[in-house]
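Hello,

Here is the structure I promised to pass on to you. Please have it open while you read, as my notes follow just below.

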Amino acid sequence: DNSSGFIPNCRTCRRQAREQSGEGDHHEGLSSDEELTPTEVDEFQKSKDNVLEDSRKIFEDVHADFCDIRKILLKFQEWKEKFPDSYCDAYISFCLPKLLSPLIRIQLISWNPLEQNFAELEEMPWFRAVEEFSDTENVSES
């Protein structure tokens, strides 16, 4: 009977189905749509493992000087110290985020801030390298 004009939504239908079936382990505020089946969890873990494995192979054939953020930033620092006019004319401060982005993304692939024991961004090696480079730039400018 829908005489009140009330049209039940999916949440109401699921709640009524749980009440009729006697399921008592549902916690209000949690969606049953978000619950994963063991098969889905296994598929997700396999997919995640494949992505992580592929990400390890990306820089296999790259010289270490060009896949380590600290070493890349040291090269830019040397350029700035030796040829400041050229460095300034090349707008390096605008280019560095685009240059470093793929390298940082690779390092963040496995990072999950929702895990209990996740590493803080400020503790990651790439963050410290960029921070040191930024501090060096500020010191040299002043």
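Let me start with Trp-79, which counts as partly exposed because its relative accessibility is 27%, between the 20% and 50% limits. This is a predicted model, by the way, so please read everything below in that light. Trp-79 has a ring partner in Tyr-87: the two form an edge-to-face aromatic pair, with 5.7 Å from centre to centre and 85° between the planes. Tyr-87 itself is buried, at a relative accessible area of 6%. Add Phe-76 and you have one aromatic cluster, made up of Phe-76, Trp-79 and Tyr-87.

Another pair to look at is Tyr-91 with Phe-94. Their ring centres are 6.1 Å apart and their planes meet at 40°, so this pair is described as tilted. Tyr-91 is exposed, with a relative accessible area of 53%, and Phe-94 is exposed too, at 61% relative accessibility. The structure holds four aromatic pairs, and the two I have described are among them.

Now for the interior. Which residues have the most contacts inside the largest nonpolar core? They are Ile-69, Leu-73, Phe-76, Tyr-87, Leu-96, Leu-100 and Phe-133, in a core of 14 residues. Three helices each supply at least two residues of this core: helix 3 (69-82), helix 5 (92-108) and helix 6 (125-141). Helix 5 gives the most, with five residues. You will notice that Phe-76 and Tyr-87 appear here as well as in the aromatic cluster.

Leu-73 is a good place to zoom in. Setting aside neighbours within four places in sequence, Leu-73 is in contact with Leu-96, Leu-100, Ala-129, Val-130 and Phe-133.

Next, take a look at Trp-126, which lies in helix 6. Is Trp-126 buried or exposed? Its relative accessible area is 11%, and because that is under 20%, Trp-126 is buried. Once neighbours within four places in sequence are left out, its contacts are Ile-69, Ile-104, Gln-107, Leu-108 and Leu-121. One of these, Ile-69, is 57 residues away from Trp-126 in sequence, yet the C-alpha atoms of the two are 6.2 Å apart in space.

On to the charged side chains. How many salt bridges does a search of the whole structure find? The search finds two. One of them joins Glu-132 and Arg-70, with 2.6 Å from N to O. This pair links distant parts of the chain, since Glu-132 is in helix 6 and Arg-70 is in helix 3, 62 residues apart. Glu-132 is partly exposed at 42% relative accessibility, and Arg-70 is partly exposed as well, with a relative accessible area of 33%.

The other salt bridge is between Glu-53 and Arg-56, where the closest N and O atoms are 3.0 Å apart. Here the partners sit three residues apart in helix 2 (residues 38-57), so they are separated by about one helical turn. Glu-53 is partly exposed, with a relative accessible area of 37%, whereas Arg-56 is exposed, at 54%.

While you are in helix 2, have a look at Ser-55, which is found there too. With a relative accessible area of 10%, Ser-55 is buried. A polar atom of the Ser-55 side chain lies 2.7 Å from the backbone oxygen of Leu-52. Leaving out residues up to four places away in sequence, Ser-55 touches Ile-106 and Ile-109.

Finally, a word on the cysteines. The count of disulfides comes to zero. Cys-67 is partly exposed, with a relative accessible area of 26%, and Cys-88 is exposed, with 53%.

If you would like a short route through the model, I would suggest these stops:

- the aromatic cluster of Phe-76, Trp-79 and Tyr-87;
- Leu-73, with its contacts to residues including Leu-96 and Phe-133;
- buried Trp-126 in helix 6;
- the salt bridge between Glu-132 and Arg-70, which links helix 6 and helix 3.

Happy exploring, and do write back with any questions.

Best wishes

Conventions. Residues are numbered from 1 along each chain as its sequence is written. This is a predicted model: local features need pLDDT of at least 70, side-chain atom pairs count only at pLDDT 80 or more; totals for chains, interfaces and linings use all residues. Side-chain values use heavy atoms; hydrogens and water are left out. A nonpolar core is a set of buried Ala, Val, Leu, Ile, Met, Phe, Trp, Tyr and Cys residues joined through side-chain atoms within 4.5 Å. Buried means under 20% relative accessible area, exposed over 50%, partly exposed in between (1.4 Å probe, protein chains only). Helices (H or I, at least four residues) and strands (E, at least two) are DSSP runs, numbered from the N terminus. Contact means heavy atoms within 4.5 Å. Rings of Phe, Tyr and Trp (its six-membered ring) pair if their centres lie within 6.5 Å; planes under 30 degrees apart count as stacked, over 60 as edge-to-face and the rest as tilted. A salt bridge is a side-chain nitrogen of Lys or Arg within 4 Å of a carboxyl oxygen of Asp or Glu. A disulfide is a pair of cysteine sulfur atoms within 2.5 Å. A polar contact is a pair of N or O atoms within 3.5 Å; within protein, one must be able to donate a hydrogen and the other to accept it, and residues adjacent in sequence count only if both atoms are side-chain atoms.
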